[in-house]
Amino acid sequence: MDSKELAEYIEATDGISKPWLLVQLRMKKLQERAGELSPEEYTTAIADIHKDLMNLGEWWIGIEEEEFGKSL
């Protein structure tokens, strides 16, 4: 799935309110641009995405089934 398809999926499933999906979209877009970036720019972008991901914290605790569906 490329970033366009992922963005369409996020839109179609009302995923704009799901921050982990937006992080995935940022990662996919960065992956697609990796060849255009210097190693320093790429590392900085990864660090920024990682920081934002870590800032999400454990927001899902107690609502796992609602947010991620039933476990197998």
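This short presentation concerns helix α1 and the pairing of helices α2 and α3 in a predicted model.

Let me begin at helix α1, residues 3-12. At its start, the backbone nitrogen of Lys 4 has a side-chain oxygen of Asp 2 within 3.1 Å. Just beyond the other end of α1, Asp 14 adopts a positive phi of about 55°.

Which residues of α1 are buried? They are Ser 3, Leu 6 and Ile 10. These three lie on the same side of α1, because the arc they cover around the axis is only 60°. The general background is that an α-helix has 3.6 residues a turn, so residues three or four places apart point the same way. On the face turned away from that buried side, α1 carries the exposed residues Lys 4, Glu 11 and Ala 12. As for the partner, the buried residues of α1 pack against α2.

That brings me to helix α2, residues 19-33, and helix α3, residues 39-55. Their axes come within 10 Å and cross at roughly 175°. Angles over 145 degrees count as roughly antiparallel, and α2 is therefore roughly antiparallel to α3.

Which residues make this contact? From α2 there are Val 23, Arg 26, Met 27 and Leu 30. Helix α3 contributes Tyr 42, Ala 45, Ile 46, Asp 48, Ile 49, Asp 52 and Leu 53. Sorted by class, the contact between α2 and α3 comprises eight nonpolar and three charged residues, with no polar ones.

To conclude, α2 receives the buried residues of α1 and also makes the contact with α3 just described.

Definitions and conventions. Residues are numbered from 1 along each chain as its sequence is written. This is a predicted model: local features need pLDDT of at least 70, side-chain atom pairs count only at pLDDT 80 or more; totals for chains, interfaces and linings use all residues. Side-chain values use heavy atoms; hydrogens and water are left out. Axes are lines fitted to C-alpha atoms, for helices over the stretch in contact, and angles run from 0 to 180 degrees between N-to-C directions. Helices (H or I, at least four residues) and strands (E, at least two) are DSSP runs, numbered from the N terminus. Angles under 35 degrees count as roughly parallel, over 145 as roughly antiparallel, 65 to 115 as roughly perpendicular and the rest as oblique. Contact means heavy atoms within 4.5 Å. Ala, Val, Leu, Ile, Met, Phe, Trp, Tyr, Cys and Pro count as nonpolar, Asp, Glu, Lys and Arg as charged, and the others, Gly among them, as polar. Buried means under 20% relative accessible area, exposed over 50%, partly exposed in between (1.4 Å probe, protein chains only). The arc is that of the directions from the helix axis to the C-beta atoms. A polar contact is a pair of N or O atoms within 3.5 Å; within protein, one must be able to donate a hydrogen and the other to accept it, and residues adjacent in sequence count only if both atoms are side-chain atoms.
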